[in-house]
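Please open the model in your viewer and keep the sequence panel beside it, since this tour moves from one selection to the next and tells you what to look for at each stop.

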Amino acid sequence: MSHRILLLGAPGAGKGTQSKRLAAEYGIDHVTTGDALRANKEMETEYGTPKSFMDAGELVPDPVVNEIVQAALDDADGFVLDGYPRNLDQAEYLSSITDLDAVIFLDVDEDVLVDRLTGRRMDPETGDIYHVEFNWPDDEAVQERLVQREDDEEDTVRDRLEVYRENTEPVIEHFRDRGDLVEIDGEAAPDEVFDRIADVVEG
Ligand code: AMP
């Protein structure tokens with residue numbers, strides 16, 4: 001059975017954490033524009049480098065991200081897409097290159113998002129995500145190498161949430177209007193969120 005899954009939600013809703021697990025569980029590719037852009041931050045494009053947009057919490061221009069997604073989906077048998085589409089033009093582009101089997105929205109309140117993002121830390125070796133309050137690693141070696149993403153500092157977090165409200169909420173409305181959207185309470189415990197997503201994917 002093919003699994004072509006789209007995970008929608010605000011920054012901090014848990015898309016990355018859940019996508020990683022889904023990719024492992026179903027043997028599908030985790031396609032994430034955020035990670036792809038972070039790995040190519042200094043790449044020169046006709047619009048400038050991705051870094052200049054990312055550090056400001058703004059969207060990287062559509063042609064750059066569309067190309068990343070198209071190349072990734074070309075190579076994938078099944079996938080979970082995380083962090084794309086972030087505006088209606090990207091959504092239209094996506095529908096021109098693939099069909100989807102499940103569209104899932106992780107719903108999380110804004111004040112919870114701010115706490116999650118500003119306390120978030122990342123292990124640069126494994127890409128695993130932790131939190132200073134809610135999910136601190138036991139291993140001291142891991143603790144010492146954790147880093148905060150530059151765009152997780154509070155000012156940039158506010159800008160990213162504003163960009164989300166303006167550009168990405170219409171994408172969620174678009175899928176809701178089509179009747180394709182399954183909404184899941186993203187404030188539930190991570191294992192519970194995962195089980196609910198799995199029910200949708202297998203249903
Ligand atoms: P993320 O890791 O998904 O929070 O993405 C980090 C940053 O990468 C965003 O704030 C944007 O600057 C950029 N980015 C990621 N995905 C996209 C996208 N689909 N369209 C435009 N910019 C993106």
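Begin by selecting Thr-98 in this predicted model, and ask whether Thr-98 counts as buried or exposed. With a relative accessibility of 14%, Thr-98 falls below the cut-off of 20% and therefore counts as buried. Its place is in the loop that lies between helix H5 (88-97) and strand S4 (102-107), and, leaving aside residues up to four places away in sequence, Thr-98 touches Arg-4, Leu-73 and Phe-79.

From that loop, step back into H5 and select Gln-90, Ala-91 and Leu-94, which are the buried residues of this helix. These residues lie on the same side of H5, because the arc they cover around the axis is only 100 degrees. An α-helix has 3.6 residues a turn, so residues three or four places apart point the same way. Now colour Asp-89, Glu-92 and Ser-96 differently, and you will have marked exposed residues on the face of H5 that is turned away from its buried side. To see what covers the buried residues, display S1, helix H4 (62-74), strand S3 (79-82) and H8, which are included in that cover. Before leaving, zoom in on the start of H5, where a side-chain oxygen of Asn-87 comes to within 3.2 Å of the backbone nitrogen of Asp-89.

Next, move to the other side of the loop and select S4, a strand that is mostly covered, with 5 of its 6 residues buried. Which strands should be shown alongside S4 as its partners? One is strand S1 (residues 4-8), which pairs with S4 in the parallel sense over 4 bridges, and here Ile-5 can be found opposite Ala-102 in S4. Another is strand S7 (residues 181-185), which runs parallel to S4 and is joined to it by 5 bridges, with Val-182 in S7 serving as the bridge partner of Ile-104.

Keep Val-182 selected and add Asp-29, which is 153 residues away from Val-182 along the chain, and the distance between the two C-alpha atoms should read 21 Å. Asp-29 is located in strand S2 (residues 29-32), and its relative accessibility of 35% is why it counts as partly exposed. Beyond residues up to four places away in sequence, Asp-29 touches Ala-23, Asp-75, Ala-76, Gly-78, Phe-79 and Val-80. Phe-79 is thus a residue you have met before, as one of those touched by Thr-98.

Now turn to the ligand and show the 16 residues that surround it, of which the closest are Thr-33, Arg-38, Glu-58, Gly-83 and Gln-90. Helix H2 (residues 33-39) supplies the largest share of this shell, with 4 residues. How far is a nitrogen atom of the ligand from an N or O atom in the side chain of Thr-33? That distance is 2.7 Å, while a backbone N or O atom of Val-60 lies 3.0 Å from a nitrogen atom of the ligand, and a polar side-chain atom of Arg-86 also lies 3.0 Å from a ligand nitrogen atom. Taken alone, the ligand exposes 480 Å², and the protein buries 95% of that area.

For the last stop, select helix H6 (residues 110-118) and pick out its buried residues, Leu-113, Val-114 and Leu-117. They sit on the same side of H6, because they cover an arc of only 100 degrees around the axis. Showing strand S5 (120-122) and helix H8 (154-177) reveals part of what covers these buried residues.

Definitions and conventions
Residues numbered from 1 in each chain as written. Predicted model: local features only at pLDDT ≥ 70, side-chain atom pairs only at ≥ 80, totals over all residues. Heavy atoms only, no water. Helix = DSSP H or I, 4+ residues; strand = E, 2+ residues; numbered from the N terminus. Buried < 20%, exposed > 50% of the residue type's maximum accessible area, 1.4 Å probe, protein only. Contact = heavy atoms within 4.5 Å. Arc of directions from axis to C-beta. Pairing = 2+ DSSP bridges. Near = heavy atom within 4 Å. Polar contact = N/O pair within 3.5 Å; in protein donor to acceptor, adjacent residues only side chain to side chain. Areas by Shrake-Rupley, 256 points an atom, 1.4 Å probe, with all protein chains shown as cover.
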